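This report describes how the strands of one chain are arranged into sheets. The sequence and structure come first, and the description follows.

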Amino acid sequence: MLSKRIIPCLDVKDGQTVKGIRFVNLRQAGDPVELGAAYAGQGADELVYLDITATIEGRGAFLKLVQRIAARLNIPFTVGGGIRSVYDVEALLNAGADKIGINSAAVQNPQLIDQLALEFGSQCVVLAIDAKKERDSWLVYTHGGRSRTDLQAEDWAKQAVQRGAGEILLTSMNHDGEKSGFDIDLTRRIAQAVNVPVIASGGAGRMDDFVQVFQQGKADAALAASIFHFNEISIKELKTYLKNHNIEVRL
Amino acid sequence: MKVAVIKYRAGNIRSVYFALRRLNIEPIITDDAATIRAADYVIFPGVGAARPAMDDLKESGLIHVIPELTRPFLGVCLGLQLLCRSTQEEEVRGLGLYGLEVIRFPSTGKVPHMGWNTIHDLQGPLFKNIIEGAYVYFVHSFYAPLTENQTVAVCDYLVPFSAALQQDNFFAVQFHPEKSGLVGETILRNFLNL
């Protein structure tokens with residue numbers, strides 16, 4: 001049976017792992033390659049590396065880092081952050097990334113999704129959505145949560161999948177960094193609206209949050225960062241807990 | 001030991017290269033027919049679209065070289081699909097080593113089939129020391145159906161399908177051993193011990 005996936009996320013800036021709390025206030029959390037390999041050894045199903053470096057020099061460094069990650073890891077990993085073009089994606093895939101995550105560039109130019117799916121296949125195109133709840137709807141934000149758009153998260157997810165996105169990485173901006181649980185309503189809404197896997201992100205604090213997002217939220221995978229980086233929850237412990245709650249996991 | 005990885009327009013060949021490096025093997029990545037014929041082991045990886053991949057094999061002439069190889073050969077993911085007779089993906093004709101038509105998953109579930117799934121009914125040397133129900137990593141939208149004589153591993157997703165096939169020296173896996181943790185490493189090692 002297809003298992004639910006547990007995905008640690010590593011934010012990378014200038015070659016180091018950091019984690020933003022509500023997208024600001026960064027704290028250091030170690031070497032990205034070593035940390036990733038340690039997670040793989042503990043039973044992580046995949047990893048996401050997010051490049052939050054803004055400079056051109058930083059970009060080149062990230063590409064080298066991707067090569068080091070690919071050489072070391074024996075599980076799949078996705079890279080994202082600042083990807084603008086087919087050319088960027090080609091460079092990252094050639095460096096050894098399995099999938100790439102796009103966000104702002106896809107909102108600005110939705111045809112980028114079509115181009116990437118055609119050129120590299122849907123299986124490597126992950127659409128990242130940062131959604132914020134305002135009244136009864138979830139709006140899409142771009143540029144690391146700084147720019148608001150008029151797009152409804154559900155409409156955008158559907159459109160992106162139609163264009164060729166193979167997976168949705170869905171982050172609740174309201175829940176991110178709060179450790180009060182995933183946004184179950186948002187996750188379920190998107191997971192039921194599209195026929196590609198949905199990775200829930202933002203808000204993991206306790207092991208039961210993962211049970212809820214899989215059982216109630218219908219997520220295919222769940223992503224978290226700080227609870228893993230600071231050893232608040234170990235992946236092995238989490239997976240055992242999930243298995244005891246009749247959730248299919250790879251142990 | 002000479003291990004050739006076939007180079008063609010089919011996405012992420014580097015991940016197979018890195019996986020072999022982790023096993024202390026330095027593979028030759030090549031589209032040269034003579035080098036491929038001279039290799040002890042040949043790996044045929046691939047992700048992405050079938051048509052450009054097949055066009056590329058035609059252009060390089062490998063479409064005629066591959067079926068005649070006699071050394072252990074391992075197709076991975078798209079590599080497995082291209083070894084079949086044909087695929088529904090854009091009606092592409094494959095290399096025909098397995099007499100199967102690769103078909104698209106039904107729309108009754110999420111496609112692509114992405115993530116870790118269990119394999120069972122394991123047969124043959126590729127799965128030595130692999131337990132029934134072991135998890136491996138899949139990413140694909142099309143699948144090879146079950147066949148009585150060539151299926152050597154089964155996976156269930158929406159329908160049961162061939163997770164691995166074997167015909168003589170031609171082995172193929174739908175999952176990605178290079179991304180399947182320690183289980184995947186064991187399978188690659190088993191192949192290189194053939």
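In this predicted model, strand E8 (residues 113-120) of chain B and E9(B) run antiparallel and are joined by seven bridges. Within this pair, B:Met114 stands opposite B:Val139 of E9(B).

Both strands belong to an open sheet of nine strands in chain B, with the order E2-E1-E3-E4-E13-E12-E11-E8-E9 and mixed pairing. Strand E2 (28-30) and strand E9 (134-140) of chain B each have a single partner strand, so one side of each lacks a neighbour in the sheet. From one strand to the next, the twist averages 30°.

Helix H1 (residues 14-22) of chain B lies across three strands of chain B: strand E1 (3-6), E2 and strand E3 (41-44). The helix runs at about 165° to E1(B).

Chain B also has an open sheet of four strands, in the order E6-E5-E7-E10, again with mixed pairing. Its edge strands are E6 (92-93) and E10 (142-143) of chain B, each of which pairs on one side only. Strand E7 (residues 98-104) of chain B runs antiparallel to E10(B), and two bridges join them. The bridge partner of B:Arg104 in E10(B) is B:Phe142.

The two antiparallel pairs described above are listed here.

| Strand of chain B | Partner | Bridges |
|---|---|---|
| E8 (residues 113-120) | E9(B) | seven bridges |
| E7 (residues 98-104) | E10(B) | two bridges |

Key
Residues numbered from 1 in each chain as written. Chains lettered and ligands numbered in written order. Predicted model: local features only at pLDDT ≥ 70, side-chain atom pairs only at ≥ 80, totals over all residues. Heavy atoms only, no water. Pairing = 2+ DSSP bridges. Axes fitted to C-alpha atoms, helices over the stretch in contact; angles between N-to-C directions. Contact = heavy atoms within 4.5 Å.
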